[in-house]
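User: I am a first-year student and would like to work through this structure step by step. Please take my questions in turn.

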Amino acid sequence: MTDLIRSEYIDGTRRQNYIRFMEKQGITLYEAAKGNMLFPGDWTRAAEPGERIWLGCQLSGVILMECNAVYMREFPEMLQNTHTVSR
């Protein structure tokens, strides 16, 4: 998805829609998992103590967070709810 968003072949409106979709997914995941950053199969809730976390679910969550970091760096003007932190 990040390669598509970075592509020169999509217009700005479509790029912004894709970025905002990914941003919303990242916020949903972060808000649910911010206590322990474990991502169960249902990303709208926190992992339960002792719950089995599948590697595929965890990896997908980490990749989503990494993609959103790219958007924060490369397309901050297209984000709706994420605020960048100045270094």
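User: What covers the buried residues of α3?

Analyst: This is a predicted model, in which local features need pLDDT of at least 70 and side-chain atom pairs count only at pLDDT 80 or more, while totals for chains, interfaces and linings use all residues. Residues are numbered from 1 along each chain as its sequence is written, and side-chain values use heavy atoms, with hydrogens and water left out. The buried residues of α3 (buried meaning under 20% relative accessible area, exposed over 50%, partly exposed in between, with a 1.4 Å probe and protein chains only) are Gln58, Gly61, Leu64, Cys67, Asn68, Val70 and Tyr71. Their cover, judged by contact (heavy atoms within 4.5 Å), includes α1 and α2.

User: How many helices and strands does the protein have, and in what order do the elements run?

Analyst: Helices (H or I, at least four residues) and strands (E, at least two) are DSSP runs, numbered from the N terminus. The count for the protein is 3 helices and 0 strands. Read from the N terminus on, the order is α-α-α.

User: How far does α2 reach from its first C-alpha to its last?

Analyst: The expected span of a helix is 1.5 Å times one less than its number of residues. α2 has 22 residues, and 32 Å is expected for it at 1.5 Å a residue. The computed reach is close to that value, at 31 Å.

User: Which elements are included in the cover of the buried residues of α2?

Analyst: The buried residues of α2 are Arg15, Ile19, Met22, Glu23, Gly26, Leu29, Ala32 and Ala33. The cover of these residues includes α1 and α3.

User: Which residues have the most contacts inside the largest nonpolar core, and which elements give two or more residues to this core?

Analyst: A nonpolar core is a set of buried Ala, Val, Leu, Ile, Met, Phe, Trp, Tyr and Cys residues joined through side-chain atoms within 4.5 Å. In soluble globular proteins, nonpolar side chains tend to be buried together. The largest such core here has 13 residues, and those with the most contacts inside it are Ile5, Ile19, Met22, Tyr71 and Phe75. The elements that give two or more residues to this core are α2 (12–33) and α3 (55–74).

User: Which residues does Ile19 touch?

Analyst: Ile19 is one of the buried residues of α2. Leaving aside residues up to four places away in sequence, the partners of Ile19 are Ile5, Tyr71, Phe75, Met78 and Leu79.

User: How many salt bridges are found in the whole structure, and which residues are linked in a network?

Analyst: A salt bridge is a side-chain nitrogen of Lys or Arg within 4 Å of a carboxyl oxygen of Asp or Glu. A search of the whole structure gives 5 of them. The residues linked in a network of salt bridges are Arg6, Arg73 and Glu74.

User: With which residues does Arg45 form salt bridges?

Analyst: Arg45 counts as partly exposed because its relative accessible area is 30%. One salt bridge of Arg45 has its closest N and O atoms 3.8 Å apart, and another has an N to O distance of 2.9 Å. The partner at 3.8 Å is Asp42, and the partner at 2.9 Å is Glu51.

User: Why does Lys34 count as partly exposed, and how far apart are the closest N and O atoms in its salt bridge with Glu31?

Analyst: Lys34 counts as partly exposed because its relative accessibility is 46%. Glu31 is also partly exposed, at 45%. In the salt bridge between Lys34 and Glu31, the closest N and O atoms are separated by 3.2 Å.

User: Is Glu77 buried or exposed, and what distance separates its C-alpha atom from that of Gln16?

Analyst: Glu77 lies in the segment after α3. Because its relative accessible area is 56%, Glu77 is exposed. Glu77 and Gln16 are 61 residues apart along the chain, and their C-alpha atoms are separated by 9.1 Å.

User: What percentage of the residues of the protein count as buried?

Analyst: The C-alpha atoms fill a box of roughly 45 × 25 × 20 Å, taken along the principal axes. The protein has 87 residues, and the part of them that counts as buried is 29%.
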